[in-house]
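Hello,

Here is the structure I promised to pass on to you. Please open it alongside this message, and my notes follow straight after.

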Amino acid sequence: MSVSRDQDTRMITALVRLRGALQAARLPLELPGTPALRTSRERMIDQLEDYAIPRQMSADAPLLVVVGGSTGAGKSTLVNSLVGTRVTAPGLLRPTTRSPVLVHHPDEAHWFGPERLLPDLVRTDHSTDDPHSLQLVASEHVPPGLAILDAPDVDSVEEHNRDLAAQLLATADLWLFVTSAARYSDQVPWEHLRLAAERSTAVAVVLDRTPADAVQTVSAHLARMLASRGLKDSPLFAVDESPVSEDGLLPPEKVADIRGWLDSLAADPDARRIVVQQTLDGTVRALARRSHAIADGVAEQLQAAEELRQAADAAYDEATAALVAEAGDGTLLRGEVLARWQDLVGTGELLRGLDQRVGRLRDRLVSRVKGTPQAADLVALAIEAGAESFVLDHAEAAADRAVEAWAGADAGRALVAADERLGRAAPEVRRRAEAEVRAWQAEVTELVRTAVAEWRMNVDLLAYGAQGLAVALMVQVLTRSAADRTAAQPGRTLLDAVLGAEPVDALVERAGASLDRRLGGVLAGERQRFHDVLAGLELAADAAEQLRAAARRVDDRRFEQARAVTDGAPADG
């Protein structure tokens with residue numbers, strides 16, 4: 001008994017969801033085996049769209065026989081001879097580039113529109129060299145319930161012809177595979193036949209263009225080859241090598257057995273249904289099974305992307321840690337920054353011998369410290385310039401390490417080759433570093449102003465002013481973890497005298513945390529460039545599991561249909 005309408009609907013829904021899950025199962029990273037998986041995935045999507053879903057929706061459509069095979073095997077001549085009139089042009093020159101031809105009964109044209117079959121091929125009613133078209137030919141010589149499609153050579157030297165042949169064979173209810181005595185053992189046709197056996201596709205084989213005295217020997221060998229490859233039940237027809245008529249047709253008696261077999265299928269709805277169900281069920285089973293291999297590939301892609309993310313993070317974590325450490329260990333208090341700072345505080349004689357009693361020191365600082373606001377500004381500018389270069393150096397080093405790690409991985413090699421900019425710090429790093437350092441300096445100045453205000457002091461009375469004290473605090477931050485803080489000590493003495501040791505410790509800690517956060521933020525922006533590359537891959541975290549779940553649903557519906565047939569009644573809806 002056939003399955004119920006509800007079961008058909010559930011299967012259609014499951015197949016549509018499987019197509020969606022396959023479309024979402026992206027494989028953008030170049031991993032070993034990925035090109036083959038991509039090809040398999042695309043062909044699976046094509047087969048769902050071109051055959052499995054339309055056929056499940058149109059169970060009563062005519063039996064589609066796709067005639068395929070080796071180059072020069074005589075497929076087009078055979079099609080013309082089976083139909084009894086010239087409907088497709090044999091390829092006298094190789095490779096032949098033309099649209100495939102589908103021959104059908106005039107009353108059944110409605111079954112072959114793009115909404116039902118091969119939606120990517122434009123329909124035409126005449127012969128064309130456009131391989132993206134499908135020529136439809138209505139012929140009274142084709143019995144109702146049957147349609148014949150002449151496909152390109154499976155071993156064509158033209159890649160598009162080979163791809164189209166594979167696509168058309170995947171839409172067939174029945175393969176009529178044509179070979180010859182000279183080509184029957186070629187590898188490429190047998191690869192297609194192997195796939196047919198794996199999918200339980202209904203197949204008949206035609207041994208064409210074979211000398212009469214060699215037919216028995218070659219047929220016997222070919223039959224053994226078919227049996228050893230799981231196709232022992234496939235009908236095998238032999239067509240003797242014969243002259244063709246002026247219209248390019250073989251003598252009718254040479255193709256009578258094939259024509260009679262096809263006519264019997266066309267006339268028997270039950271026989272057609274068995275053939276269709278065999279191929280459709282095998283196709284659906286194979287699609288569900290192969291989906292798990294695609295899901296495994298997607299999971300590998302996700303793992304590889306995560307490893308790339310971790311490699312980039314490791315490079316930038318290392319750079320950030322080094323940047324933060326060096327921002328407080330005195331590394332920046334060198335060169336121009338140190339020179340400007342020493343200009344500001346003098347040689348150290350300024351505070352030497354000052355009374356250590358805080359009250360007297362605070363009073364005497366006003367008259368003894370020789371720094372000027374202009375000198376303090378020069379220190380701030382030197383810190384700004386030094387910090388910019390400092391950040392840029394670490395950004396360059398992190399980018400270089402991240403790219404080196406990616407280039408050493410299969411998954412990352414193509415990504416870095418596609419964007420050479422990843423290997424260098426972004427052009428705007430210096431500008432971002434400048435903005436962050438200036439913002440930090442403004443923040444430090446405001447911290448000093450607030451702290452001085454709490455002492456009810458007028459900082460304008462100090463020769464250093466608010467900027468001088470702020471610069472002194474900046475220098476304390478830049479040397480907060482340094483082993484030797486001699487150069488920074490005059491500033492610390494000044495700050496302690498004005499604000500007190502404990503408040504100064506708190507200010508150094510607060511300003512240091514702010515500097516670390518701001519400098520780290522610049523590198524975080526650089527790290528994001530690598531994260532953005534990975535985000536652009538559009539790898540959904542649940543894509544693999546969604547695909548596996550979709551494949552399981554298809555298997556569930558398939559088993560449900562099989563039980564309905566076995567039990568003799570539809571399962572409960």
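Strand 2 (residues 101-104) and strand 5 run antiparallel and are joined by 4 bridges. In that pairing, V101 has D150 of strand 5 as its bridge partner. Please keep in mind that this is a predicted model.

Strand 5 also pairs with strand 1 (residues 63-69), this time in the parallel sense and over 5 bridges. Here L64 is matched with A147 of strand 5.

So how enclosed is strand 5 by the rest of the structure? Of its 5 residues (146-150), 5 are buried, so the strand is largely enclosed. The side chains are split between two directions: L146, I148 and D150 point one way, while A147 and L149 point the other way, and all are buried.

On to the nonpolar cores. The largest has 74 residues, and L29, W341 and W406 are the members that touch the most others. Several helices each supply at least two residues of this core, among them helix 8 (269-326), helix 9 (335-345), helix 13 (429-454) and helix 16 (501-535). Which helix gives the largest share of this core? That is helix 11, with 16 residues.

W341 is a good residue to click on if you want to look around in there. Leaving aside residues up to four places away in sequence, W341 touches L333, V379, V471, A472, V475, A487, A488 and G491.

There is also a second, separate core of 34 residues, and V66, L121, L149 and L164 are included in it. You have met L149 already, as one of the buried residues of strand 5.

Now for the empty space, which I suspect you will want to explore yourself. The second largest pocket has a volume of about 710 Å³. Its lining is made up of 28 residues, and those nearest the centre are T39, R43, D163, A166 and Q167. Helix 2 (34-57), helix 4 (159-169) and helix 5 (187-198) each supply at least two lining residues, and the largest share, 8 residues, comes from helix 4. By class, this pocket lining has 11 charged, 10 nonpolar and 7 polar residues.

As for cavities, there are 4 of 30 Å³ or more. The largest has a volume of about 140 Å³. It is lined by 14 residues, with R55, A61, W111, R116 and L117 nearest its centre. Helix 2 provides the largest share of that lining, 4 residues. The classes here come to 8 nonpolar, 2 polar and 4 charged residues.

The second largest cavity holds about 50 Å³ of space. Which residues line the second largest cavity? They are F177, T179, Y184, P189, W190, L193, V205 and L222. Strand 6 (174-180) and helix 5 each supply at least two of them, and helix 5 gives the most, with 3 residues. This lining has 7 nonpolar residues, 1 polar residue and no charged residues.

If you would like a route through the model, you could begin at strand 5 with its bridges to strand 2 and strand 1, go on to W341 and the residues it touches, and finish at the pocket of about 710 Å³.

Happy exploring, and best wishes!

Definitions and conventions: Residues are numbered from 1 along each chain as its sequence is written. This is a predicted model: local features need pLDDT of at least 70, side-chain atom pairs count only at pLDDT 80 or more; totals for chains, interfaces and linings use all residues. Side-chain values use heavy atoms; hydrogens and water are left out. A nonpolar core is a set of buried Ala, Val, Leu, Ile, Met, Phe, Trp, Tyr and Cys residues joined through side-chain atoms within 4.5 Å. Buried means under 20% relative accessible area, exposed over 50%, partly exposed in between (1.4 Å probe, protein chains only). Contact means heavy atoms within 4.5 Å. Two strands pair if DSSP finds at least two bridges between them. On a 1 Å grid over the protein atoms alone, a cavity is a set of points where a 1.4 Å probe fits but cannot get out, and a pocket is an open set with protein on both sides within 12 Å along at least five of seven lines; lining residues have an atom within 4 Å of a point. Grid points are joined across faces, edges and corners, and a volume is the space filled by probe spheres set on the points. Ala, Val, Leu, Ile, Met, Phe, Trp, Tyr, Cys and Pro count as nonpolar, Asp, Glu, Lys and Arg as charged, and the others, Gly among them, as polar.
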